[in-house]
Amino acid sequence: MVQSQQSFDSAKTQRVKANTWFMLRNYLKIAWRNIRRNKSYAAINILGLTIGMASAILIFLWIDSELNYDRFYAKSDRIYIMFNRDKFDGQVRSWNSTPKIMAPTLEHDYPEVEAASRFNNITFLATVGEKKINSRGAFTDNSFLSTMDYPVAEGQAAGALVRNDQIVLTEKMARKFFGNGTAVGKTILIDSNANFTVSAVLKDIPENSVFSFDYLLPWSFMDKLGWNDQFWGNNSVRTVALLKSGTNPVAFNEKVKNITRKHSDETTEVFAYPLSRLHLYGKDVNGQLTDGQIVTVRLFGLIGVFILLIACINFMNLSTARSEKRAREVGVRKVAGANRSSLILQFIGESVLLSGLAFLLAILIVQVSLGRFNELVGKTLVLQYGNPWYWLAGLLFVLFTGLLAGSYPAFYLSSFTPTSVLKGRFKKVNALVTPRKIMVVTQFSFAIVLIVCTVIVKQQIQFAQDRDTGYNRNKLIYVFTQGDADKHYLSIKNDLLKSGAIESITRSANPITQRWSDGWGYMWDGSTESDKKIDFVRLGSDADMVKTIGLTLKSGRDIDIFNYPGDTTAVVLNETAVKLMRLKDPIGQNIHREGESPLHIVGVVKDFILESPFEQKINPMLIVGPSGGFFQVIHMKLSSANGTKESLSKIEKIFQQYNPQYPLEYAFADDSYARKFKSEQRTGVLAGLFAGLSIFISCLGLFGLATYMAESRVKEIGVRKVMGASVLNITALLSGDFIKLVTISILVASPLAFWLMTRWLENYSYHKQIEWWVFVAAGLLSVIIALATISYQAIRAALANPVQSLRSE
């Protein structure tokens, strides 16, 4: 009996499996037949879903890269970046440049710290034989490699930076010099005067990391150069701390916050911040690190979801619009014994099949467009075909899209009663508010929001670009001093001026478009104790900075150590510094700081933009003579009498004469300044791109609905034409309902777009006011696009011969 029962159960299971497989195969067949029978609607649906899915995939690839910034380390949950926090000019600020002495102090005095390392980016000329490459590297401690635990391609990471003649390369750098051969043990000349032996080669560092380098040099070599110091007031390097397992970061921060105060007179507070949060949550707001890049990630995440939703809405609208044609099929199937759940499964199966076809096409589009998209976002995103998790995510993506697009049509179509549809009593819903109308309004509302956002982003960029920088970038170039360029500077300067290649030249501590140094603790006649917390941006100059850079001198004169030898301790202030220092007659007055030579004021220049053009505030500035530090940059104003190419050729020959080991690499100030807008321009281009795609997908659906509307109202149109209606009357009739929906979309989208862009503009203290005409223009553009989409089908229906449509009557 038991064996007989088991046989019966087994046979029953086999029958259930066979029936299930037969049912699924039947559903697929029916779905495929419906697609073939209605090619135009299927094509519109597939095209809309394809574009929506391709857009979403591209956005989600970018989001994945952003969310995994510095999260790929084995010990990422224990890696922290040390930050300073202090109050300047009445405002609390946080920053992550720290004293060089902090890392060894953390290791020695704080048992919670497993390892601490310093990281200081530098650029040196690397030479192997005839190959010379100026590339970005870093000085760091040996413990940095064990903390970050980078994968090693050659050699061993342990002890790779112990000796001061060792160098660690990335694979990319090793290939440039040694091709596919072995690099470990080979010698590289750095800065034309120091030989280093390759001790290890790291696999290329992922680009989604705050640490960027082609090679690493030992910190002990920095000691050898005399560049190291023990001064707690010199915040110039990044400090990385690896906390021991089980360490409470809150308790550690409470313990470490006074480390700088213990070793100096500074009032600075110190805290550790998770490296894994730095990129996404690294914006300083009143001394607290809060939402930063994560705002952009969330924004584009919403854009990706909404573009996909728009494509799914197209499917829903077209499926329900054609309900009359599917109603008889539903009635017959129900009479034949089909229950509602099986019909729901059938319709969802159709949408999943369409979604699958669209996904395959979307992958193809993504693969073709990924290169251009990478150029746009500045990344190297790839589709990881060999990663099974990506394929699982793709399968879930297809199922999710299919269910989202097919759920409403499935429940709607399966709800028809057979008695109504088979007796011809099925009627369309023509209510004031229907799900279909809501979905069309949703589609166009989102598209209009994106149009408005795109226009306002571009306006904000143009507003900042039109801002007066306070200096003249035209024909202004700069080079970094390397090798013997500083040693032979006077000869280079004289030869350049004699050649007619340049009009003027000056040395400085940093490029005119970048902030490299700042300092506080300065005193002057009439200053108070609180004035010591004024943070001054510091530049350096030897002579002719005003002339070369094109600054506006408000009073006094420029620094000139050649005609005024005492100008080695001279200083020029900007207008903001004079105002904060409350100086009525600054020329001739002195300012000083403990441990440094007094500086005498020789001039005042008009405020100019050194940092972000999107910030309203101009920081107080000191332009100091040579006593204030060493020069690292040479600025040159090219001659207006010669062509740029001719001038650059002369400059290159002269530099090669005095500094033959180093190829001349120059940068134009206007190009460097333009890079300040790169992030905002990228946001604007992406918003514009996805706004265009949203409009296109929405118009696809609108075109499909207009096509079906014209088909379903063919007899009504015929009657109206017989009764004397003109083509214009009929076109207006057919277009009117859609234009009403687009108008409602404008009313819905405008306040939403205003709120979003108001929030976005709050990130910039120097920003443009939102203007009313932007919303009007976006609305008119949407109406014009909608009319252009609908008009073809409307006019075609209006021009049709009424005899053909009324013949059966």
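In the predicted model, the side chains of Asp-141 and Arg-118 meet in a salt bridge with an N to O distance of 2.8 Å. Asp-141 is placed in the loop between strand S4 (131–140) and helix H4 (143–148), whereas Arg-118 belongs to strand S3 (residues 113–128), so the pair ties together parts that are 23 residues apart in sequence. Both partners, Asp-141 and Arg-118, are buried. A second salt bridge is formed by Asp-542 and Arg-507, whose closest N and O atoms are 3.0 Å apart. This pair likewise links distant parts of the chain, with Asp-542 in the loop between strand S18 (536–540) and helix H17 (545–549) and Arg-507 in strand S15 (residues 502–508), 35 residues apart. Asp-542 has a relative accessible area of 0% and is therefore buried; Arg-507, with a relative accessible area of 12%, is buried because this value falls under the 20% limit.

The pair formed by Glu-529 and Lys-532 has its closest N and O atoms 3.4 Å apart. Here Glu-529 counts as exposed, because its relative accessibility of 59% is over the 50% limit, while Lys-532, with a relative accessible area of 25%, is partly exposed. In addition to such pairs, salt bridges that share partners join Arg-93, Arg-515, Asp-518, Asp-535 and Glu-611 into one network. The count of salt bridges in the structure comes to 28.

With regard to the overall fold, the protein chain contains 25 helices and 25 strands, and buried residues make up 49% of its 809 residues. Among contacts in the protein chain with a separation of 6 or more, 78% are accounted for by residues 24 or more positions apart. The area exposed by the protein chain is about 38200 Å², of which carbon and sulfur atoms supply 57%.

The environment of a single helical residue can be described through Thr-454, which lies in helix H15 (residues 435–465). Thr-454 has a relative accessibility of 10% and counts as buried, because this value is under 20%. When residues up to four places away in sequence are not counted, Thr-454 touches Gly-684, Ala-687, Gly-688 and Ala-691. These four partners of Thr-454 fall within the residue range of helix H21 (678–712).

Helix H21 (678–712) also takes part in the lining of an internal space, since helix H2 (39–67), helix H12 (340–377) and helix H21 each supply at least two lining residues to the second largest cavity. The structure holds 4 cavities of 30 Å³ or more, and the second largest encloses about 40 Å³ of space. Its lining consists of Ile-59, Trp-62, Phe-300, Phe-373, Val-377, Leu-686 and Phe-690.

At the surface, a nonpolar patch of about 620 Å² is made by Trp-389, Leu-392, Leu-395, Leu-396, Leu-399 and Leu-403. Of these patch members, Leu-403 lies in helix H13 (residues 388–413), and its relative accessible area of 44% makes Leu-403 partly exposed, because the value lies between the limits of 20% and 50%.

Definitions and conventions
Residues numbered from 1 in each chain as written. Predicted model: local features only at pLDDT ≥ 70, side-chain atom pairs only at ≥ 80, totals over all residues. Heavy atoms only, no water. Helix = DSSP H or I, 4+ residues; strand = E, 2+ residues; numbered from the N terminus. Buried < 20%, exposed > 50% of the residue type's maximum accessible area, 1.4 Å probe, protein only. Contact = heavy atoms within 4.5 Å. Areas by Shrake-Rupley, 256 points an atom, 1.4 Å probe, with all protein chains shown as cover. Patch = residues over 30% accessible without salt bridge, like charges linked within 9 Å, V, L, I, M, F, W, Y side chains within 5 Å. Salt bridge = Lys/Arg side-chain N within 4 Å of Asp/Glu carboxyl O. 1 Å grid on protein atoms, 1.4 Å probe; cavity = no way out; pocket = protein on both sides within 12 Å on 5 of 7 lines; lining within 4 Å. Points joined across faces, edges and corners; volume = space filled by probe spheres on them.
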